[in-house]
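Biologist: I would like to learn how to read a structure like this one. Could you walk me through it step by step?

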Amino acid sequence: MPAAIQQTAINEEKMNAFLGKVVSDFGASLSSALVYLGQKLGLYQALAAGGPATPAELAQRTNTNERYVREWLINQAAGGYVEYDTESGAYSLTPEQAVALTDEHSPFYVGGGFFVIKAMTAAVPRIEEYFRNGGGMRWGEHDPDLFVGTEKFFRPGYTAHLVASWIPSLTGVEDKLKTGGKVADVGCGHGASTIIMAQAFPNSRFWGFDNHEASINQARQKAEAAGVSDRVSFAVSDAAHIPDEQFDLICFFDCLHDMGDPVGAAARASEVLAQDGSALIVEPMAGNTVEENFNPIGRTFAAASTLCCTSNSLAHDGPALGAVATEDALRSTVLASGFKEFRRTTETPFNRIFEARR
Ligand SMILES: C[S@@+](CC[C@H](N)C(=O)[O-])C[C@H]1O[C@@H](n2cnc3c(N)ncnc32)[C@H](O)[C@@H]1O
């Protein structure tokens with residue numbers, strides 16, 4: 001042990017408090033893999049749909065191995081993700097647990113986060129290498145559960161807020177979209193936001209762009225399934241090269257901070273926006289000082305940023321704004337691209353919503 005550490009007096013109370021926190025993180029970290037498994041195997045769905053079940057009953061309902069299910073249920077009950085009845089030995093979900101873990105259409109659904117965690121964790125060996133030698137990992141190089149999980153994770157927030165509050169917070173955009181406008185969704189991923197807007201504004205036309213081809217293919221299929229593909233088109237395109245349609249609204253949902261060239265992306269948006277149009281920039285919630293991020297949300301986004309967002313930008317020799325970019329950093333980026341106005345229009349616990357105008 002180094003001499004400096006040997007000589008430092010340990011406060012036992014503080015040590016116990018810290019170790020208690022770490023043990024709770026051990027449980028949370030490992031359990032996130034089990035929540036992922038519960039979703040993949042339909043264990044939560046089966047509990048929600050079929051009611052209380054013993055391990056053997058749940059294994060039978062889901063055609064899985066009882067021995068694994070028994071262990072999984074103990075972990076889930078210990079973490080407060082399922083309830084346990086001592087008398088019957090049956091496990092169940094409360095209505096709140098059932099909605100949050102199984103209902104992908106609910107604004108309260110949180111399941112997507114566990115797909116994201118699983119995929120980002122798989123990137124650790126590569127990120128370790130980039131810590132040592134620089135460089136980065138491109139979005140499309142990640143475990144495909146990142147793309148699935150990102151859609152699942154963000155869609156509930158878009159369902160709850162995009163049409164009800166974010167679009168109305170912009171200058172004159174809602175009226176334009178009601179009567180018939182043109183909208184670009186840049187870095188659209190699987191197109192969840194594009195499709196939600198298309199469903200809400202049937203007189204408007206929508207274009208989704210992303211430089212990740214597999215995501216664009218998924219987005220096309222989802223638009224088809226949602227019955228909006230006559231007014232929604234998706235194309236593989238870098239943000240800096242989207243076509244000029246004189247859009248009334250250009251959206252960047254959780255992607256500007258990831259980009260290799262965010263100034264170039266915003267500059268292209270400014271060029272192809274109609275005269276009175278707006279850019280909607282949705283970014284993760286973060287503080288204006290480092291210490292304002294010292295909370296569970298800042299902790300989560302800074303971790304995702306280390307494993308994915310910062311790394312994607314660095315892979316393209318970018319400025320690596322990161323998921324916890326300050327408002328000042330975002331403003332400088334957007335104003336450097338040619339936009340004249342930048343303001344925060346609203347926010348949620350997870351997101352900051354900005355409007356940029358020329
Ligand atoms: C965190 S995901 C968000 C996806 C989607 N907007 C959503 O909210 O679900 C970031 C997306 O930005 C895309 N992206 C990153 N850099 C890009 C660029 N230069 N041009 C186009 N898309 C880009 C990625 O491929 C990825 O789909």
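Biologist: Let me begin with a pair of strands. How many bridges join strand 6 to strand 7, and do they run parallel or antiparallel?

Modeller: Before we start, keep in mind that this is a predicted model. For pairing, look at the bridges and the direction of each strand. Here strand 6 (residues 247-253) and strand 7 (residues 273-284) run parallel, joined by six bridges. Within strand 7, Leu-273 is the residue opposite Phe-247.

Biologist: What is the order of the strands in the sheet?

Modeller: To read a sheet, follow the pairing from one strand to its neighbour. In this case seven strands make an open sheet in the order 5-4-3-6-7-9-8, and the pairing is mixed. Strand 5 (232-236) and strand 8 (341-347) are the edge strands, since each pairs on one side only. From one strand to the next, the twist averages 20 degrees.

Biologist: Which strands does helix 9 lie across?

Modeller: Helix 9 (residues 145-166) lies across strands 6, 7, 8 and 9, the last of these being 351-357. Its direction is at about 145 degrees to strand 6.

Biologist: Now to burial. Why is helix 11 described as largely enclosed by the rest of the structure?

Modeller: The idea is to go through the helix residue by residue, taking under 20% relative accessible area as buried. In helix 11 (residues 192-200), seven of the nine residues are buried, so the helix is largely enclosed by the rest of the structure. Those seven are Ala-192, Ser-193, Thr-194, Ile-195, Ile-196, Met-197 and Ala-198.

Biologist: What covers the buried residues of helix 11?

Modeller: The cover includes two helices, helix 9 and helix 12 (213-226). It also includes strand 3 (182-186), strand 4 (205-210), strand 5 and strand 6.

Biologist: And for a single residue, is Ala-304 buried or exposed?

Modeller: Ala-304, in helix 14 (residues 296-315), has a relative accessible area of 16% and is therefore buried. Leaving out residues up to four places away in sequence, Ala-304 touches Met-120 and Cys-309.

Biologist: Let us turn to the surface. Which residues form a nonpolar patch there?

Modeller: Ile-10, Met-15, Phe-18 and Leu-19 form one, and together they have about 380 Å² of accessible area. Met-15 belongs to helix 2 (residues 12-40) and is partly exposed, with a relative accessible area of 32%.

Biologist: How many salt bridges does the count come to?

Modeller: The count comes to 20. For each pair, check both the distance and where the partners lie. Asp-276 pairs with Lys-176, with the closest N and O atoms 3.9 Å apart. Because Asp-276 is in strand 7 and Lys-176 in helix 10 (residues 173-179), this pair ties together parts that are 100 residues apart in sequence. Asp-276 is partly exposed, at 45% relative accessibility.

Biologist: Where do Arg-268 and Glu-271 lie?

Modeller: Both are in helix 13 (residues 262-272), three residues apart, or about one turn of the helix. Their side chains meet in a salt bridge at 2.6 Å, N to O.

Biologist: Which residues are linked in a network of salt bridges?

Modeller: The network links Glu-327, Asp-328, Arg-331, Arg-344 and Glu-347. Within it, Arg-331 and Asp-328 meet at 3.2 Å, N to O. They are three residues apart in helix 15 (residues 327-336), so about one helical turn separates them. Arg-331 is partly exposed at 26% relative accessible area, whereas Asp-328 counts as exposed at 52%.

Terms used: Residues numbered from 1 in each chain as written. Predicted model: local features only at pLDDT ≥ 70, side-chain atom pairs only at ≥ 80, totals over all residues. Heavy atoms only, no water. Pairing = 2+ DSSP bridges. Helix = DSSP H or I, 4+ residues; strand = E, 2+ residues; numbered from the N terminus. Axes fitted to C-alpha atoms, helices over the stretch in contact; angles between N-to-C directions. Contact = heavy atoms within 4.5 Å. Patch = residues over 30% accessible without salt bridge, like charges linked within 9 Å, V, L, I, M, F, W, Y side chains within 5 Å. Areas by Shrake-Rupley, 256 points an atom, 1.4 Å probe, with all protein chains shown as cover. Salt bridge = Lys/Arg side-chain N within 4 Å of Asp/Glu carboxyl O. Buried < 20%, exposed > 50% of the residue type's maximum accessible area, 1.4 Å probe, protein only.
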